[in-house]
Amino acid sequence: MTSLADLQAPSLADLETLARDAYARLPEEFRRLCEGVVIRVEDFPDDETMREMECETPFDLLGLFRGIGLAQGGGMMHTGQFPNMVWLYRRPILDYWAEHEESLGGIVTHVLVHEIGHHFGLSDDDMETIEAAAG
């Protein structure tokens, strides 16, 4: 049995693994539509993102979709355009996890589905259905 004194906070690599696992559990039709979306994990949003999103602290943002969503006509890449990306922010996610009675994997799945949902312009009900299917 592992002692609590020996445990360390999940690393960036650990959260990337959780995100890949969560993505793999999403319904196949949903994953096919996500082709080309890049998932990145960072400790915190950068200063530019903090200003754009009007965050008071770096812990205000768990994840972010950057790009042109399909709902805005972004289904096709244009020359010089960066790929659509989903950012997951490790430290805010861990902070949220510490304050709530949810599994870390469940939180990562929720944030991932919510941010990818922006890519498709999905409603909250649609995202809840997809998240439930991944659970």
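Is Pro 92 buried or exposed? Select Pro 92 to begin: it counts as buried because its relative accessibility is 1%. The model on screen is a predicted one.

**Whole chain**

Before zooming in, show the chain as a cartoon. Its secondary structure comes to 6 helices and 3 strands, and along the sequence these follow the pattern α-α-β-α-β-β-α-α-α. The chain has 135 residues, of which 34% count as buried. Switch on the surface: the accessible area of the chain is about 8500 Å², and carbon and sulfur atoms account for 51% of it. Among contacts between residues at least 6 apart in sequence, 68% join residues at least 24 apart.

**Helix 4 and Pro 92**

Return to Pro 92, which lies in helix 4, residues 90-99. Select Arg 90, Pro 92, Ile 93 and Leu 94 together; these residues of helix 4 are buried. Now add the elements around them. The cover over the buried residues of helix 4 includes helix 1 (12-25), strand 1 (38-42), strand 3 (85-89) and helix 5.

Show the contacts of Pro 92 next. Apart from neighbours within four places in sequence, Pro 92 is in contact with Asp 43, Phe 44, Pro 58, Phe 59, Leu 61 and Leu 62. For a distance label, pick the C-alpha atoms of Pro 92 and Asp 60: they are 7.0 Å apart in space, while the two residues are 32 apart in sequence.

**Salt bridges**

How many salt bridges does a search of the whole structure find? It finds 3.

Stay in helix 4 for one of them and select Arg 90 with Asp 43. They form a salt bridge, with 2.5 Å between the closest N and O atoms. Arg 90 lies in helix 4 and Asp 43 in the loop between strand 1 and helix 3 (47-52), so the pair ties together parts that are 47 residues apart in sequence. Arg 90 counts as buried because its relative accessibility is 12%, whereas Asp 43, at 28%, counts as partly exposed.

Move to Glu 42 and Arg 40. This pair also forms a salt bridge, its closest N and O atoms being 2.7 Å apart. Glu 42 is partly exposed at 27% relative accessibility, and Arg 40 is partly exposed with a relative accessible area of 34%.

Then select Glu 52 and Arg 66, a salt bridge with its closest N and O atoms 3.0 Å apart. The pair links distant parts of the chain, with Glu 52 in helix 3 and Arg 66 in strand 2 (residues 63-66), 14 residues apart. Both ends count as partly exposed: Glu 52 at 41% relative accessibility and Arg 66 at 28%.

**Glu 115**

Keep Arg 66 displayed and add Glu 115, which is placed in helix 5 (residues 104-120). Which side chain of opposite charge is nearest to Glu 115? It is Arg 66, 9.8 Å away; Glu 115 is buried and has no salt bridge. Side chains of opposite charge can pair when their charged atoms come close. To see what Glu 115 does touch, select Gly 63, Leu 64, Phe 65 and Val 86, leaving out residues up to four places away in sequence.

**Acidic patch**

Finish on the surface with Asp 124, Asp 125, Asp 126 and Glu 128, which gather there in a patch of negative charge. Asp 124 is found in helix 6, residues 124-134. Asp 124 counts as exposed because its relative accessibility is 52%, and the cut-off for exposed is over 50%.

Technical notes
Residues numbered from 1 in each chain as written. Predicted model: local features only at pLDDT ≥ 70, side-chain atom pairs only at ≥ 80, totals over all residues. Heavy atoms only, no water. Patch = residues over 30% accessible without salt bridge, like charges linked within 9 Å, V, L, I, M, F, W, Y side chains within 5 Å. Areas by Shrake-Rupley, 256 points an atom, 1.4 Å probe, with all protein chains shown as cover. Salt bridge = Lys/Arg side-chain N within 4 Å of Asp/Glu carboxyl O. Lys, Arg positive; Asp, Glu negative; His and termini not counted. Charge placed at Lys NZ, Arg CZ, Asp CG, Glu CD. Helix = DSSP H or I, 4+ residues; strand = E, 2+ residues; numbered from the N terminus. Buried < 20%, exposed > 50% of the residue type's maximum accessible area, 1.4 Å probe, protein only. Contact = heavy atoms within 4.5 Å.
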